[in-house]
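Below are my notes on the model, set out as numbered points. They begin with the cysteines and then turn to a strand, a pocket and the cavities.

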Amino acid sequence: MIERIAPSLLKSWLHDGQEVALLDVREHGQYGEAHLFYATPLPYSRLELDVRRLVPRRDVRVVVYDDGGAPGDGVAWRAADRLAALGYHRVGVLDGGAPGWQAAGYVLFAGVNLPSKTFGELAEHTYGTPRVSAPQLAAMIAGPAPVVVLDGRPVPEFRKMNIPTATCCPNGELAYRVRSLVPDDTTPIVINCAGRTRSIIGAQTLINLGIPNPVYALENGTQGWFLADQGLEHGGTRRYPDGSGSLALKDAARQLAARFGVAAVSAATVRAWAADEQRTLFLCDVRTPEEFAQGSLPGAQHTPGGQLMQAFDQYVGVRGARLVLFDDDGVRAPTVASWLRQMGHDACVLEGGLASGLALQAPAAPVPPPLAPVAAADLAARLARGDVALVDLRPGLAYRAGHIAGARWSNRPRLASDLAGETRQIVLIADEPALAAWAMAECRPAHPPLLLLDGGMAAWRSAGGAEVATPESPSDAECIDHLFFVHDRHDGNKEAARRYLAWETGLVGQLDAQELASFQLPANAGA
């Protein structure tokens, strides 16, 4: 039986030391406007696609919430029913949802990756991380002495915009590659990101490793650079070279891990943990996407080290779980684990890493109901006859930019009501076939066999199919899958950038004593 969970009970569960999965099952835009601090975003549209990865153990306590719908109404109760059907048997729904949490006197937060971003602010305060302003960095770049700017974001983010002269080196790679990128001990190093967190954590990573170079975080990242009327580059391709890894900081990484209580565990120990029915285990490969694609340990998920620190809730959905990190160099995993321990997570490092011989069984995702494919040419003929209903399940902004004439936009939470009374055969358009299949699962009995546009919009375009754009439809209010929260901060809107930075620096002041105490930063670290 699915129970209502009072806000006070959930609050106690979040801090009782036992495992709990807190899932916000609203769509991404709704989540980003106001959510609980420890919530993992798992939109109802993606529930079956992602839940086994985020919450692999099905007897863990799970609490789902939405905007507070009554039983049988709203996505939280629908999601709870689906989780129960998938074998999760300790599922509850937060009584009153996000509004009920706030009414009980607890805080809701805007934005994404809250614990990680808040931790970055706390780390800067704890360590006194040195920083430079945008004008100072501009002067350093223009001056006669060399300076190296390293961008701590992943490559796709770097391509959007970068500081002139910067080289992309994601934070999880810094310990492994910095000595190849900056071989001397005297050149100043400046770490930047788009805002604040990765600038701070990246710079402090190098300082914690004890490199002798002067190291600084760029204050407010690319947004601070833009606000100072400095020009950004776009489409940049400079990144760490392949083969730039170095073991020069291996001993320093091992000592750093030991400083924060990071244990090294054997493959045999991890196998025993995997059989423990009382604890959840995540096996995390922190290497680059290219390395992971070449081969990893069975049962591991790819969690690039910098992003595991920055966006922890995108990889781990169980608060209190065991985390086992590995690499193939003995540098990256212990460095990343040192930060995860300070964030309050039970993180350790696998002895031998990729060469350990460890093999675990990854949790299998549920198998979606079948959908029959329809080719683009056949769909065009069917549309001309008018005997199909075309439903576009892609993101709202993608639909705005271009869709097939006659297609209606929808998403899983609203799909059943959108199709009420529809008697024609339904053809779905989606970026992921499984997403479409699960979206229709609740509506399936009322309709003839379902069809899916084979190859999606890419196939339609390749076949010469026409598109129409509707910049105002769906409306912003309908686009619950998109977070409009200061969304134009990277698009030339200085006020949006200022609001974002004010939001980020204000996070710590919103925490209560228990949330603050959950972090494990060292006392007097900056002394």
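1. C284 counts as buried, at 0% relative accessibility; buried means under 20% relative accessible area, exposed over 50%, and partly exposed in between, with a 1.4 Å probe and protein chains only. The closest cysteine sulfur to that of C284 belongs to C348 and is 9.5 Å away, too far for a bond.

2. On the basis of the notes: this is a predicted model, in which local features need pLDDT of at least 70 and side-chain atom pairs count only at pLDDT 80 or more, while totals for chains, interfaces and linings use all residues. Residues are numbered from 1 along each chain as its sequence is written, and side-chain values use heavy atoms, with hydrogens and water left out.

3. C193 is also buried, with a relative accessible area of 2%. Its sulfur lies 12 Å from the closest cysteine sulfur, that of C168, which is too far for a bond. The structure holds 0 disulfides, a disulfide being a pair of cysteine sulfur atoms within 2.5 Å.

4. Strand 2 covers residues 20-24. Helices (H or I, at least four residues) and strands (E, at least two) are DSSP runs, numbered from the N terminus. Of the 5 residues of strand 2, 5 are buried, so the strand is largely enclosed by the rest of the structure. In a regular strand the side chains alternate between the two faces of the sheet. Here V20, L22 and D24 point one way, A21 and L23 point the other way, and all are buried.

5. Which strands pair with strand 2 in the parallel sense? Strand 4 (residues 61-65) does so over 5 bridges, with V20 opposite R61. Strand 3 (residues 40-41) does so over 2 bridges, with D24 opposite P41. Two strands pair if DSSP finds at least two bridges between them.

6. The second largest pocket holds about 870 Å³ of space. A pocket is an open set of points on a 1 Å grid over the protein atoms alone, with protein on both sides within 12 Å along at least five of seven lines; a cavity is a set of points where a 1.4 Å probe fits but cannot get out, and lining residues have an atom within 4 Å of a point. Grid points are joined across faces, edges and corners, and a volume is the space filled by probe spheres set on the points.

7. This second largest pocket has 43 lining residues, and L14, R319, G320, A321 and G344 lie nearest its centre. Helix 1 (7-14), strand 2, helix 6 and helix 23 (513-517) each give two or more residues to the lining. The largest share, 3 residues, comes from strand 2. By class the lining has 19 nonpolar, 13 polar and 11 charged residues; Ala, Val, Leu, Ile, Met, Phe, Trp, Tyr, Cys and Pro count as nonpolar, Asp, Glu, Lys and Arg as charged, and the others, Gly among them, as polar.

8. There are 3 cavities of 30 Å³ or more. The largest holds about 60 Å³ of space, and its lining includes S116, F119, R198 and W339. Helix 6 (114-127), helix 10 (197-208) and helix 15 (305-310) each give two or more residues to that lining, which divides into 5 nonpolar, 5 polar and 1 charged.

9. The second largest cavity has a volume of about 40 Å³. Among its lining residues are E124, R131, R196 and E219. Helix 10 and strand 10 (215-218) each supply two or more residues. The classes here are 3 nonpolar, 2 polar and 4 charged.
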